[in-house]
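Reader: Hi! I am new to protein structures and would love a close look at one part of this one. Could you walk me through it slowly?

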Amino acid sequence: MKKTILGLFAFSMMSATALAADIKPAIIYDLGGKFDKSFNEAAFNGAEKFKTESGIEYREFEIANDAQREQALRRFASDGNTPIVMAGFNWAASLEKIAAEYPDTKFAIIDMVVEKPNVKSIVFKEQEGSYLVGVLAGLASKTKTVGFVGGMDIPLIHKFACGYVGGAKSTGENVKVLEAYTGTTPDAWNDPVKGGEIAKSQIDQGADVVYHAAGGTGVGVLQAAADAGKLGIGVDSNQNMLQPGKVLTSMLKRVDVAVYDAFTAAKDDKFEFGVSNLGLKEDGVGYALDEHNKALITPEMLDAVEKVKADIISGKVQVHDYMTDETCPY
C-alpha cells in the first residue's frame with residue numbers, strides 16, 4: 001500500500017512537472033523599458049504575479065530599438081517559448097511575419113489586432129477610463145482649464161485624449177482642455193524632460209489638472225504639475241504614489257491583468273485566439289483611488305464619477321471611440 005501511495009505521488013509530481021514544461025511563457029516589452037512606471041511596468045507586474053502564483057518562470061526581453069523586434073520575437077519562438085506576449089502596438093508588423101512562421105506557437109499582442117489563427121489580440125476601451133478621469137479633472141479644476149499631454153502623436157493616444165475631453169466637458173460647458181503631444185517617433189514615450197516642459201506650458205495657460213498618456217514621459221508631467229502646486233493624472237499603472245497628494249487619480253489600463261490572464265490561460269490549456277476588447281464592464285479600465293489621493297476626491301466627486309461609470313456600463317452614456325473615425329465630437 002505504501003509503495004502504491006509513493007508511486008502515485010511520484011506519478012503526480014511527474015505529471016505536474018510535465019504540465020509546467022508544456023508552457024514556456026515569455027514577454028517582450030516595448031521601448032521605454034519594463035520599469036517605466038506605466039505601460040511596460042504594468043505588463044511586468046502581471047508576469048510577476050503569474051510567476052508568484054504558479055511557480056512557473058518566464059523569459060523577458062527589453063528592446064533597445066525597433067530593429068530588435070523581429071530578432072527577439074524569432075529567437076523566443078525558435079527556442080520553444082509559448083505563449084509569447086508582446087506589450088505594445090508597435091509589435092504588429094513583426095508579429096504578422098513571425099506568427100506565420102511558427103503556427104504552433106501561441107502569441108498575444110496588447111494594443112493591436114493581428115488577424116492570425118495563433119494570435120490573441122488584446123485591446124482596451126481607453127476612452128471609457130479616460131472619460132472617468134476627465135470627469136474628475138473637470139470637477140477638481142478651479143480654473144476650469146485642464147491639460148492633456150500625449151506621448152506619440154498617433155490615433156491610439158488621441159483615443160485617450162478624446163475620452164478625457166468628453167468627460168471633462170460633461171462637467172460644464174465652460175471647461176477648456178489643452179492638448180499636446182511629445183513627438184511623432186517612439187522616442188516620445190521616454191522623454192520626461194519634454195513632458196515636463198509641455199505640462200508647465202499648459203499650467204502657464206491656466207491648466208490646474210494635467211492628464212498624461214505618455215509612458216515614461218509622463219513621469220515628467222506629474223513632476224511638473226506637483227512642482228507647480230497643481231494636480232497630475234497618471235495612466236496605465238496606478239501612479240498616485242509618484243507624487244502623493246498631487247496626483248488626482250490614475251487611469252488604470254489593466255495591462256497587468258491581460259498578461260496574467262494570457263499566461264494563466266495557456267497554463268490551464270484555455271488559451272483563446274481572436275480579439276478581446278476590455279472596457280469598464282470587463283474591468284479592463286478604471287480609475288485609481290487609494291491612500292495617496294483619497295483626500296483629493298470629495299464624496300460629491302466620487303458619487304458623480306461612480307454614476308457616470310454605471311451609466312457607461314449600462315450603455316446610457318456612450319463614449320466616442322476616436323479610432324472608429326479619427327474624429328472627436330466633444
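Author: Happy to! Keep in mind that this is a predicted model. Let's begin with a pair of strands: β1 (residues 26-29) and β2 (residues 59-62) run parallel and are joined by four bridges. To find your place in the pairing, look for A26, which stands opposite R59 in β2. Now follow the chain from β1 to β2: the route goes through helix α2 (residues 39-54), and this β-α-β crossover is right-handed.

As you look at strands, here is a handy general idea: side chains in a regular strand alternate between the two faces of the sheet.

From here we can turn to how helices pack. Two packed helices are described by the angle between their axes and the distance between the axes. Take helix α5 (residues 126-140) and helix α6 (residues 155-169): their axes lie 6 Å apart, at an angle of about 40 degrees. That angle makes α5 oblique to α6. The crossing in which α5 passes α6 is right-handed. On the α5 side, the residues making the contact include Y131, V133 and A137, while those of α6 include L156, F160 and Y164. Sorted by character, the residues of this contact are eight nonpolar, seven polar and two charged.

A second pair to try is helix α7 (residues 192-204) with helix α8 (residues 218-227), packed at an angle of about 40 degrees with axes 7 Å apart. These two are therefore oblique to each other. Here α7 passes α8 in a right-handed crossing. Among the residues in contact are P192, A199 and I203 of α7 and V221, A224 and A225 of α8. The contact of α7 with α8 divides into six nonpolar residues, three polar and one charged.

Definitions and conventions. Residues are numbered from 1 along each chain as its sequence is written. This is a predicted model: local features need pLDDT of at least 70, side-chain atom pairs count only at pLDDT 80 or more; totals for chains, interfaces and linings use all residues. Side-chain values use heavy atoms; hydrogens and water are left out. Axes are lines fitted to C-alpha atoms, for helices over the stretch in contact, and angles run from 0 to 180 degrees between N-to-C directions. Angles under 35 degrees count as roughly parallel, over 145 as roughly antiparallel, 65 to 115 as roughly perpendicular and the rest as oblique. A crossing is left-handed if the near helix is turned anticlockwise from the far one by less than a right angle, and right-handed if clockwise. Contact means heavy atoms within 4.5 Å. Ala, Val, Leu, Ile, Met, Phe, Trp, Tyr, Cys and Pro count as nonpolar, Asp, Glu, Lys and Arg as charged, and the others, Gly among them, as polar. Two strands pair if DSSP finds at least two bridges between them. A crossover is right-handed if, with the strands pointing away from the viewer, the path from the first strand over the helix to the second runs clockwise.
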